[in-house]
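These entries record what I looked up in the structure shown below. I began with the strands and then turned to the helix.

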Amino acid sequence: MKLLTAALLLLFIAMCLASAEGVKCKCSRKGPKIRFSNVRKLEVKPRYPFCVEEMIIVTLWTKVRGEQQHCLNPKRQNTVRLLKWYRVWKEKGR
């Protein structure tokens with residue numbers, strides 16, 4: 001009986017860890033090229049043990065598609081420019 005309880009407990013822990021892995025790393029594929037004027041919100045999330053790089057999640061708004069979230073590649077030059085632009089834009093109080 002103790003062996004069965006231990007096995008079920010290990011199975012439960014393994015399932016919890018597997019589901020935590022999917023929650024932590026959202027950026028499995030990278031988003032499209034974006035226009036700075038469509039940016040509503042920008043989130044920079046640090047590296048997690050399950051993700052190789054930090055996550056940069058941008059929320060865009062367009063008339064046609066409405067509000068959408070995309071992951072951006074932190075190594076691309078366009079993403080670096082977007083981060084600099086967004087920080088300056090935020091500091092100005094907009």
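**Entry 1: strand pairing**

I looked first at strand β1 (residues 39–45), which pairs with β2 in the antiparallel sense over six bridges. I count two strands as paired if DSSP finds at least two bridges between them. Helices (H or I, at least four residues) and strands (E, at least two) are DSSP runs, numbered from the N terminus. The model is predicted: local features need pLDDT of at least 70 and side-chain atom pairs pLDDT 80 or more, while totals for chains, interfaces and linings use all residues. Residues are numbered from 1 along each chain as its sequence is written, and side-chain values use heavy atoms, without hydrogens and water.

Within the β1–β2 pair, I found L42 opposite V58 of β2. I then followed β2 to strand β3 (residues 66–72): seven bridges join the two, and they run antiparallel. T59 stands opposite Q69 in β3, and W61 stands opposite E67 in β3. Three residues lie between β2 and β3, which form a hairpin.

**Entry 2: the sheet**

I noted an open sheet of three strands in the order β1-β2-β3, with antiparallel pairing. Its edge strands are β1 and β3, each of which pairs on one side only. On average, neighbouring strands of this sheet are turned by 15 degrees against each other, direction ignored. Axes here are lines fitted to C-alpha atoms, for helices over the stretch in contact, and angles run from 0 to 180 degrees between N-to-C directions.

I next asked how many residues of strand β2 (residues 55–62) are buried. Six of the eight are, so β2 is largely enclosed by the rest of the structure. Buried means under 20% relative accessible area, exposed over 50%, and partly exposed in between (1.4 Å probe, protein chains only).

**Entry 3: the helix**

I checked the length of helix α2 (residues 77–91): at 1.5 Å a residue its 15 residues should span 21 Å, and its end C-alpha atoms are 22 Å apart, which agrees. The expected span is 1.5 Å times one less than the number of residues.

Which residues of α2 are buried? I found N78, T79, L82, L83 and Y86 to be so. They cover an arc of only 140 degrees around the axis, which puts them on the same side of α2. The arc is that of the directions from the helix axis to the C-beta atoms. The face turned away from this buried side carries the exposed residues Q77, K84, R87 and E91.

Finally, I looked up where the buried residues of α2 pack, and found them against β1, β2 and β3, with contact meaning heavy atoms within 4.5 Å.
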